[in-house]
Structures are given as structure tokens and as C-alpha cells.
Amino acid sequence: MRYNLQMKKYLEETDIIDYSHPEVHTLARSLAQGCESDTQIAKNCFEYVRDKIEHSGDYKADISTYKASDVLKHKTGWCYAKSHLLAALLRANGIPTGLSYQRLNCSEYEEGIYCLHGLNSIYLKEYGWYRVDARGNKEGVNAEFTPPKETLAFVLAEHEYDLPKIYAEPLDVVMEALQKNSCYREMVKNFPDIKERI
């Protein structure tokens with residue numbers, strides 16, 4: 001399928017979404033093997049990242065990954081980093097994938113704070129843009145791949161909201177937090193946040 005210039009940015013490789021990395025590329029191909037549709041490929045990639053890559057906050061991992069290849073190598077990442085790996089796996093398979101964000105209450109880490117939460121928007125031929133959240137399921141969190149219905153990790157509450165845009169690259173504030181804060185304790189004190197819907 002040919003995509004217009006506007007859509008092609010969601011297929012590009014970047015330093016962060018480094019899908020030509022041998023291990024990322026090999027995994028992307030293996031997850032697509034035997035699939036007959038982009039929807040099935042997307043489901044396989046989503047479930048791999050959701051289930052096989054640990055969420056750094058849930059497991060209190062003392063490493064902060066952000067490049068897709070490093071997320072795969074260390075098998076851990078915050079929601080943002082996991083979304084980078086999922087974008088890489090899907091773009092490697094020719095499926096346009098963007099980065100989306102929500103602003104959520106993060107009181108499970110520290111009382112009274114808000115932070116950005118990273119997820120993905122995938123362009124599926126059959127459905128159009130479809131959001132998924134590969135952060136990882138746990139008690140009270142059950143994100144699934146159920147197009148066209150979105151089954152995300154969190155139901156928005158008061159003062160929480162979706163950022164309306166689909167980004168081709170991570171937000172600067174997200175990358176700054178991932179690069180500056182190298183361990184669990186640092187990250188929970190310095191989550192990326194914005195106070196306006198951009």
C-alpha cells in the first residue's frame with residue numbers, strides 16, 4: 001500500500017525508533033510470520049511488547065531505556081520506551097505507527113502529581129487510526145487489542161485528558177526525562193508532564 005507524504009513520517013526510522021537494528025528487525029519479521037493482515041501483525045507486536053517487556057515502574061527497574069533496541073535488549077522500559085519499541089516493530093513491518101500521550105494522575109508513585117503516559121496509534125487498513133496501550137497489564141489494568149474498540153490501560157478521570165495529536169517522534173519533554181533520570185527513584189520524582197493540550 002502506498003502512503004502519502006503526511007503518512008510516511010509514521011513509517012520513518014529514527015535514532016529512537018531504530019527498527020533496522022538486527023535484533024529489532026529479526027523480531028519484527030518473526031512476529032509477522034504467517035500473518036495475513038496488518039491487523040494480525042499489529043496484534044502480535046502489541047502483545048509481545050505488552051507481555052514480554054517489563055514496565056519499569058511496576059518492576060522498579062533501575063535502568064532507564066528509551067531506544068527501541070535497548071528496550072528489547074534489557075526487556076524493560078517505562079510506558080514511553082515500550083511505545084518506542086512497539087512503533088519500531090510495526091514500522092519495520094510497513095505499518096504506520098505514531099506516538100500518543102495522555103495526562104494522568106500518577107499518585108500510585110507520588111501523591112498529587114500528574115504525568116504524561118505514553119501509548120501508540122496504529123494505522124490499520126481495515127479500521128484507520130487505532131490506539132493501543134502496551135504498558136503491561138496488572139491488577140486493575142487490562143489493555144487489549146480489540147479493534148475497532150479501544151481497550152486502553154486507564155479510563156480517564158477528572159483532570160486527566162488525551163493529547164489530541166499523533167506524533168511521529170517522541171515529545172522532547174519525554175526524551176529529556178528518559179535520558180536524565182537513570183533509575184526508578186529518579187524517574188518517579190521527575191516524570192515528564194505538560195499542563196496544556198498540545
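In this predicted model, the side chains of Lys-138 and Glu-108 come together in a salt bridge, with a nitrogen-to-oxygen distance of 3.0 Å. Lys-138 sits in the loop between strand 5 and strand 6, while Glu-108 belongs to the loop between strand 3 (97-105) and strand 4 (114-124), so the pair ties together parts that are 30 residues apart in sequence. Lys-138 has a relative accessibility of 32% and therefore counts as partly exposed.

A further salt bridge joins Asp-58 to Arg-135, where the closest N and O atoms are 3.0 Å apart. Here, too, distant parts of the chain are linked: Asp-58 is found in helix 4 (residues 56-59), and Arg-135 in the loop between strand 5 (128-132) and strand 6 (144-146), 77 residues apart. As for accessibility, Asp-58 is partly exposed at 26%, whereas Arg-135 is buried, with a relative accessible area of 3%. It is worth viewing these residues together, since Asp-58, Glu-108, Arg-135 and Lys-138 are linked in a network of salt bridges.

Elsewhere, Asp-51 and Arg-50 form a salt bridge through their side chains, at 2.6 Å from N to O. Arg-50 is buried, because its relative accessible area of 10% falls under the 20% cut-off. Asp-51, at 46% relative accessibility, counts as partly exposed. The count for the model as a whole comes to 11 salt bridges.

Attention now turns to the helices, with helix 6 (residues 79-92) as a convenient place to begin. The 14 residues of helix 6 should span 20 Å at 1.5 Å a residue, and the C-alpha atoms at its ends are indeed 20 Å apart, so the two values agree. Helix 6 is mostly covered, as 14 of its 14 residues are buried. After helix 6 comes Gly-94, which has a positive phi near 75°.

Which helices pack against helix 6, and at what angles? Two packed helices are described by the angle between their axes and the distance between the axes. For helix 3 (residues 38-52) and helix 6, the axes come within 10 Å and cross at roughly 150°. Angles over 145 degrees count as roughly antiparallel, and helix 3 and helix 6 are therefore described in that way. Their crossing is right-handed. On the helix 3 side, the contact involves Ile-41, Ala-42, Cys-45, Phe-46, Val-49 and Arg-50, which meet Lys-82, Leu-85, Leu-86, Leu-89 and Leu-90 of helix 6. Arg-50 thus appears in this helix contact as well as in the salt bridge with Asp-51.

Helix 2 (residues 22-32) also packs with helix 6, at an angle of about 65° and with the axes 9 Å apart. That angle makes helix 2 roughly perpendicular to helix 6. The crossing of helix 2 and helix 6 is right-handed. Val-24, Leu-27, Ala-28, Arg-29 and Leu-31 of helix 2 make the contact with Ala-88, Leu-89 and Ala-92 of helix 6. Leu-89 of helix 6 is therefore listed in the contact with helix 2 and also in the one with helix 3.

Finally, Asp-15 lies in the loop between helix 1 (5-8) and helix 2. Is Asp-15 buried or exposed? With a relative accessibility of 66%, Asp-15 counts as exposed. The C-alpha atoms of Asp-15 and Met-187 are 22 Å apart in space, and these two residues are 172 residues apart in sequence.

Conventions: Residues numbered from 1 in each chain as written. Predicted model: local features only at pLDDT ≥ 70, side-chain atom pairs only at ≥ 80, totals over all residues. Heavy atoms only, no water. Salt bridge = Lys/Arg side-chain N within 4 Å of Asp/Glu carboxyl O. Buried < 20%, exposed > 50% of the residue type's maximum accessible area, 1.4 Å probe, protein only. Helix = DSSP H or I, 4+ residues; strand = E, 2+ residues; numbered from the N terminus. Expected span 1.5 Å × (residues − 1). Axes fitted to C-alpha atoms, helices over the stretch in contact; angles between N-to-C directions. Parallel < 35°, antiparallel > 145°, perpendicular 65-115°, else oblique. Left-handed = near helix turned anticlockwise from the far one by under 90°. Contact = heavy atoms within 4.5 Å.
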